[in-house]
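Please open the model in your viewer and keep the sequence beside it. This tour suggests what to select at each stop and tells you what is there.

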Amino acid sequence: MTNHIHLVVQQKDRKLSAWVRDFKKFTSKKLLAMILENQQESRKEWLRMIFTYHAQFNKRSGGMQFWPHENHAIELY
């Protein structure tokens, strides 16, 4: 599963959407920097093209978009 992630998260104050927003913001900045600054990353230009393409559909993306907008949350008991 190299193209997605599964998380099990508990949010005590019931602000899961804020947690997901912050998680995606933090990880996207870190992962984009790791990819673009890595001299040995052979797919760097291809990834930059993909991230830039998806960002054009989101005004708040800042030029590159790592995560998709949709989340498929499932409540667990």
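Is methionine 64 buried, partly exposed or exposed? Methionine 64 counts as partly exposed, because its relative accessibility is 22%, where buried means under 20% relative accessible area, exposed means over 50%, and partly exposed lies in between, with a 1.4 Å probe and protein chains only.

Before you go further, note that this is a predicted model, in which local features need pLDDT of at least 70 and side-chain atom pairs count only at pLDDT 80 or more, while totals for chains, interfaces and linings use all residues. Residues are numbered from 1 along each chain as its sequence is written, and side-chain values use heavy atoms, with hydrogens and water left out.

**Stop 1: methionine 64 and its surroundings**

Keep methionine 64 selected, and you will find this residue in the segment after helix 2, where helices are DSSP runs of H or I with at least four residues, numbered from the N terminus. Now add the residues that methionine 64 contacts (heavy atoms within 4.5 Å): leaving aside neighbours within four places in sequence, they are Leu32, Leu36, Arg48, Phe51, Thr52 and Ala55. Measure from methionine 64 to phenylalanine 51, and the C-alpha atoms should be separated by 4.8 Å, although the two residues are 13 residues apart along the chain.

Next, select alanine 55, which is found in helix 2 and is buried, with a relative accessible area of 7%. From alanine 55, draw a line to lysine 12, 43 residues away along the chain, and the C-alpha atoms turn out to be separated by 32 Å.

**Stop 2: the largest nonpolar core**

Select Leu32, Ile35, Leu36, Leu47 and Phe51 together, since these five residues make up the largest nonpolar core, a nonpolar core being a set of buried Ala, Val, Leu, Ile, Met, Phe, Trp, Tyr and Cys residues joined through side-chain atoms within 4.5 Å. Helix 1 and helix 2 are the elements that give two or more residues to this core, and the largest share, three residues, comes from helix 1. In soluble globular proteins, nonpolar side chains tend to be buried together.

Stay with leucine 47 for a moment: not counting residues up to four places away in sequence, leucine 47 touches Ile35 and Glu41.

**Stop 3: the salt bridges**

How many salt bridges does the structure hold? There are three, each defined by a side-chain nitrogen of Lys or Arg within 4 Å of a carboxyl oxygen of Asp or Glu.

Start with glutamate 41, whose side chain meets that of arginine 43 in a salt bridge, at 2.9 Å from N to O. Glutamate 41 is buried, with a relative accessible area of 17%, whereas arginine 43 is partly exposed, at 48%.

Move on to aspartate 22 and arginine 21, which form a salt bridge with their closest N and O atoms 3.0 Å apart. Aspartate 22 counts as partly exposed, at 41% relative accessibility, while arginine 21 is exposed, with a relative accessible area of 52%.

Finally, select arginine 48 and glutamate 45, whose side chains meet in a salt bridge of 3.5 Å, N to O. Both residues lie in helix 2, three residues apart, which is about one turn of the helix. Arginine 48 is partly exposed at 30% relative accessibility, and glutamate 45 is exposed, with a relative accessible area of 53%.

**Stop 4: further along the chain**

Return to the segment after helix 2, where glutamate 75 is found; this residue is exposed, with a relative accessible area of 59%. The C-alpha atoms of glutamate 75 and threonine 2 are separated by 24 Å, and the two residues are 73 residues apart along the chain.

Tyrosine 77 also lies in the segment after helix 2, and tyrosine 77 counts as exposed, at 90% relative accessibility. A line from tyrosine 77 to leucine 31 spans 31 Å, C-alpha to C-alpha, for residues 46 apart in sequence.
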